[in-house]
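The exercises below are meant to be worked through slowly, with the structure open beside the text. Try each task before reading its solution.

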Amino acid sequence: MRNNNRLWRWLAFIFVLSFGALGYLGVQIYLTAPPIPSAVSSADGEVIFTGEQIQRGQQVWLSTGGQQLGSVWGHGSYVAPDWSADWLHREAVALRNRHAQAYRRDFDSLSPADRGALAATVVEQMRRNTYDAASGVITVPADRAQAIREVAAHYDALFGDGSSHATLRGQYAMTPGTLPDPADRQALTAFFFWTSWAAATDRPGETGLSYTSNWPHEPLVGNTMTSSAAVWSMVSICLLLAAIAAMLWLHGSQRHEAEAQPPQADPLLGAVATPSMKATRKYFFAVIGLMLLQIAMGIVTAHYAVEGDSFFGLPLAELLPYVVSRTVHTQVGIFWIATAWLATGLYIAPLLSGREPRLQKLGVDVLFWALIAIVVGSTLTGWLGTLQHRGVDFSFWLGNQGLEYTSMGRIWQVLLFVGLLFWVFLLGRALWPALVKPSASRGLIAMVFLSATCIGGFYSTSLVWGQHTHYSMIEYWRWWLVHLWVEGFFEVFATAVVALIFTRLGLVRTESANRAIIAETIVFLFGGILGTLHHLYFTGTPTSVIAVGAVFSALEVVPLTLIGLEALQTWRRSQAMPWLAAYKWIVMCFVAVGFWNTIGAGVLGFAINPPASLYYVQGLNMTAAHGHAALFGVYGMLGIGLMLFCLRGLYERQLHADRLLKPAFWSLNIGLAMMVFLSLLPAGIYQAWASVTQGLWYARSAEIVHSRVMETLVWMRVPGDIVFAVGAVLLAAYALRLLRRPAAQAAPQASVRGKGRKGLAVQAGHVGHAAER
């Protein structure tokens, strides 16, 4: 007990210290972010852009789909260009060509000496910081002003409906008339210019270091990897190896406790489902429906990478443009995984406490329909807002905010925040008897409740930014949500729930699980909280972000080195007793989580995390490979495993068609592996080669994205997608077979309050036993 108390104190210390450091660095990002000028003027005093246009342009870009339509500073989708890199290259080429006119010859026909001198002039003009802090004006030479206008005209035509850019628009999966209003198009070009200006212009008092730490790689303007990125990458690799060695030594030197001896019979067989537990059934059917929707949108979105605005010749983009299909694909993925975990919490709470709070079922029902309304409403308004060009205010408040994984309008975010707080309330009132009663598992139950509280509370970070927030700060707060909320506290919650399940099944000693879950949470949060910064290396942040992010993102990988071993031990435990065969595919889902944690989150994650790597591959399919393997492989399989566990207790044992779970499990995992290793990863490596050799603009250009190699690799997704989809359909078939006839009636409410083994809500007259008879 004293050892556990010490671990809890260490957890609190790490939590407070890490968030204090993350908050401090957030202040530094705010203070050193690229300035938004009051105006951009030519040397002769003509205003090219105003500060209001730059800020309006940010809103306009996000309202068109934002990070679902290309990317800015590397964050977003991959079919359209990274607009910062694309503008930067186009402006550098236009400026170079204007200078070449003085020689009355084309640039490529100049002598090497003349080309070198001209290239040096372009670098000097593009990197010189002419921002005047007193007046707030950026002044550019006349020839650069002309180059800016030339590039702006290109984007004005591209986002309009002119036929001159129809082919390129199709390659970018854009619809004609993306921005019908000329004023919006002009504002958009101002925002794109500003993001590229920050990417190439030296910071005040620095030479050769832009606001984005020289990202993207662009030789024409002297953007090459900084020494700090190289040094901290080497430090992170050395630290990773040392930390892994230390963890393996510590793990091997510990005196391992004897394995738990599973009971002779299933201790959960007779658990009585309370009314609120039964009310969670519909959550799991919604999970499967949302999962199938995500797969369908993923197929459509991937195909747009080949045909642009068509689906096997059908003009599907007129009804379902790429921006909408990708928004639904990414957002629904978060929805169904989170729903599975929320429902699991509501299911196990009465199971752990042995008590059904008054009106708990009503609360579970209300929460379900509220979540459905949020999912349907946010999807519908986002779709309508995109198709009907409702503008920036509608997009921000009701439609599509244009931010990856958190795209729903602000009103829907507020409603979801309220819903999550209500979920925490329902969970807490059901767990309260188990929390106040001394028991061996109280530490695990406390971890479930604390992580659930963080899930509800930390979603508030989605409400921090506004329509006029600086883009660097939007990215800072967005990753608080995506990294800390989804990848952080949800994972702690799910891990604690799995530990509780294993202790209830007798596969793990409760005392060991208590210590292990606190220790694992300490290790995870120690690297995970400040590891958030590896997403922010090049988003207009100070170089200290690179140093801290590189170090702690390496430490994020360390605990993953033992997860594969834990998965093997989990599988071995599942073979201990014949009755555990009923939980085989539940356990196998948890084993798959261990595998994908090691491969998807560990290997593929660390492949892109060091600054030297991310400098070249940010915004390429290397990130997509990591994202698919980690998001579905880890969080998706965990959600499926939890769902199967709950369904096992919600329906009579003879209704479960376990023969469908084997092909479903292997199809999902093999299909995911094929998708990642036959398509996404090779595509990412091919693009990385293009980025290293010529620049990020080239890796994201239509020439590369629609090259024969890349389109072949997109088609290589088809076999994996088919295998994966078959697995999802089989999972749906398994769930539907549970509805063949009504489940047996639950025991009287009085039996729910009875005390059973380890606090389970069971009695001698078990429903499960009656079903067997």
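**Exercise 1.** Which residues make the nonpolar surface patch of about 470 Å²?

*Solution.* Bear in mind from the start that this is a predicted model. Begin by locating Phe312 and Trp715, and then add Val718, Ile722 and Val726, which together make up the nonpolar patch on the surface. Next, ask where these residues sit along the chain: helix α27, residues 717-737, gives the patch its largest share, with 3 residues. Valine 726 is placed in helix α27.

**Exercise 2.** Describe how helix α11 and helix α12 are arranged, and what their contact is made of.

*Solution.* First find the two helices, α11 at residues 322-353 and α12 at residues 360-387, whose axes come within 11 Å and cross at roughly 175°. Because angles over 145 degrees count as roughly antiparallel, α11 is roughly antiparallel to α12. Then list the residues that meet: on the α11 side they include Val323, Phe335 and Leu346, while on the α12 side Leu367, Ser378 and Trp383 are among them. Finally, sort the contact by class, which gives 11 nonpolar residues, 3 polar residues and no charged ones.

**Exercise 3.** How many salt bridges does a search of the whole structure find, and which parts of the chain does the pair of arginine 185 and aspartate 156 link?

*Solution.* The search finds 14 salt bridges. In one salt bridge, the side chain of arginine 185 meets that of aspartate 156, with 3.1 Å from N to O. Arginine 185 belongs to helix α7 (residues 182-200) and aspartate 156 to helix α5 (residues 142-158), so that this pair, 29 residues apart, links distant parts of the chain.

Technical notes
Residues numbered from 1 in each chain as written. Predicted model: local features only at pLDDT ≥ 70, side-chain atom pairs only at ≥ 80, totals over all residues. Heavy atoms only, no water. Axes fitted to C-alpha atoms, helices over the stretch in contact; angles between N-to-C directions. Helix = DSSP H or I, 4+ residues; strand = E, 2+ residues; numbered from the N terminus. Parallel < 35°, antiparallel > 145°, perpendicular 65-115°, else oblique. Contact = heavy atoms within 4.5 Å. Nonpolar A, V, L, I, M, F, W, Y, C, P; charged D, E, K, R; others polar. Patch = residues over 30% accessible without salt bridge, like charges linked within 9 Å, V, L, I, M, F, W, Y side chains within 5 Å. Areas by Shrake-Rupley, 256 points an atom, 1.4 Å probe, with all protein chains shown as cover. Salt bridge = Lys/Arg side-chain N within 4 Å of Asp/Glu carboxyl O.
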